Amino acid sequence: MHNQAAAQAQRDAVIMRVAPGTDQAAAARAELEMIITGYGEHYTEYVEHGGHAGIGKVLPQCLDEAIWAIGLLRATRWTADQLDGRALAAADLLARGVNDLLQPQVGAIHNIHCWMLAALAECANRLDDPEVLDFTCGSQFGAIAQLRQGFRADGLWFEINPHYHYYTVSALLAWLEAVGADQVDPAVGEILGRAMEAPPRLAYSDGLLPAYGDGWADARVSRFAGVAETASRLLPDRSVALADYYVEGQERDSLPALLFGPDHVPTMSPHATTSFCWADAGIAVLRSADARIALRSGPHAGGHDHRDKLAVDVETATGWRSLDLGTSGYGAEFTVWLRSPAAHSTVFIGGGPQPACNGRISEFDAGRAVGEVGWDGHRLRREITLTEGGWTDAVSVELDGEDEISWLLHGDGTVTTDCSTAPTTAPEALSGLGIPWLSDMHSIAVDHDQLNVSWDAPGAPSAMITIPPGFVACTATGEGNPSGLPLGTVLITGRATTAEISARFTV
């Protein structure tokens, strides 16, 4: 309460001393001086708090504290020659306090730690402290280590999903702006340049980015145009294709565009249309005139990994999609569903999630990709091949002993089939998959181990699926489809030591 009363008194003082007719620059300067002075002179009085996500003082934890401190200390740096002595002295106090709070918390290759490093770089600038600056650059978990260890050779941040990728890039650009791009090895620019090139290659035809892991399912490439504008200035020796981040008619109305971007953006380019493989990240994307299919099987991606090796996501030229659901937020019950195995189009063993493990893309060319993963004597393989008018999808499983093998595939719309169906409930053995979140489950009377399915959404492909002997097939409907359509699900499951499940898709 004391802090709130003091801040209000300072605001009242600003209002009283800014007379009508005063120019906006003077008013803004007075407001900034009031904010810096209020926080800086009282920062040591604030109580430390937080736990799981680190310790903060002004804000709940270290991540928010770092981002807040960057904004305030950056504003001080940009306007220092116009601020009064009291405000600058308070900024020194704030920088020292933020450094003392955050520096001991830096201890991992992680997006949160990148934001703390950017805040510490601002502290180093304010305090003219070369030791703090050196800590942000060359310490065990400094920015150089984050860049070299955190980004895959292909350009993608190790947490894989584009949302956290850009979040981390934004932090490292904030660090680079504070340190000075001319003070950093050109290799830094090369890594960040690849980081700006990578996500647009994953995008669907409308620029939507896949929401792998704990990604947000509504993020388009254009949403990150401001990050690209910043990079275009801070990476002078590494060109950034700004055209990849804009769609026709999109305004360049971000603050980074004003502060950092060039006067003109080159002719806007179409998003990627060719197949590619990122062996280090474990992502292969196959593209044809009929479809875009991504197959993922790479290294474990840390706490945001949904443990869905060999998952696929699909877009057809006719507009049908099988999307990764991502995560809508943390702490919500619905997130339990979004992170559950049954919310992903891949294969699972033992009626539960995959363990934290490493997979790989073992074979690739422009029309074919093979992913593999294994653990505890189990070996799983998935092969996607482009065909005239569609693609084939073949999964093979070899287990160390008999167990439940479950294959799932989602898509836009309710699943339709020419076989007879009957209402059913999921086997108890599959409770670990998150099956209770699926509704309207029906068993399918499979004829001669082959199943023909489609979805009732416009442009949906048809699929002929070959099912192992003794396995059962079901349809169901899930929630959280980013397209807004029902999430039609095909589930194939059975107990075995080996299994082959293959599907031929026709668009």
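These legends accompany close-up views of a predicted model.

**View 1. An open sheet of five strands, and a helix beside it.** The strands run in the order β3-β4-β5-β6-β7, and their pairing is antiparallel. Which strands stand at the edges? They are β3 (276–278) and β7 (321–322); each has a single partner strand, so one side of each is left without a neighbour in the sheet. Helix α9, residues 186–202, packs on this sheet and touches β3, β4 and β5. If you compare directions, that of α9 makes about 130° with that of β3.

**View 2. The pairing of β4 with β5.** Here we step in on two strands of that sheet. Five bridges join β4 (residues 283–287) to β5 (residues 291–296) in the antiparallel sense. To find your place in the ladder, look for Val-285, which stands opposite Ala-294 in β5. As you follow the backbone, keep in mind that in a regular strand the side chains alternate between the two faces of the sheet.

**View 3. Strand β16 and its partners β13 and β17.** Strand β16 covers residues 450–455 and pairs with β13 (residues 415–417) in the antiparallel sense over three bridges. A handy landmark is Val-415, opposite Trp-455 in β16. Strand β16 also pairs with β17 (residues 462–466), again antiparallel, this time over four bridges. In that pairing, Asn-452 has Met-464 in β17 as its bridge partner. How many residues lie between β16 and β17 in their hairpin? There are six, and one residue in the turn, Gly-459, has a positive phi of about 80°.

**View 4. His-163 in helix α8.** This residue belongs to α8, which spans residues 162–179. Is His-163 buried or exposed? Its relative accessible area is 17%, and the cut-off for buried is under 20%, so His-163 counts as buried. Leaving aside residues up to four places away in sequence, His-163 touches Gly-215, Trp-216 and Arg-223.

**View 5. Helix α4 and what packs around its buried residues.** A quick length check comes first. At 1.5 Å a residue, the 18 residues of α4 (residues 85–102) should span 26 Å, and the end C-alpha atoms are indeed 26 Å apart, so the two values agree. Many of the side chains to look for are aliphatic names on the buried list, including Ala-87, Leu-88, Leu-94, Val-98 and Leu-102; Asn-99 is also buried. The buried residues of α4 pack against the helices α2 (24–42), α3 (62–79), α5 (111–127) and α6 (130–138), and against strand β2 (54–56).

Technical notes. Residues are numbered from 1 along each chain as its sequence is written. This is a predicted model: local features need pLDDT of at least 70, side-chain atom pairs count only at pLDDT 80 or more; totals for chains, interfaces and linings use all residues. Side-chain values use heavy atoms; hydrogens and water are left out. Two strands pair if DSSP finds at least two bridges between them. Contact means heavy atoms within 4.5 Å. Axes are lines fitted to C-alpha atoms, for helices over the stretch in contact, and angles run from 0 to 180 degrees between N-to-C directions. Buried means under 20% relative accessible area, exposed over 50%, partly exposed in between (1.4 Å probe, protein chains only). The expected span of a helix is 1.5 Å times one less than its number of residues.
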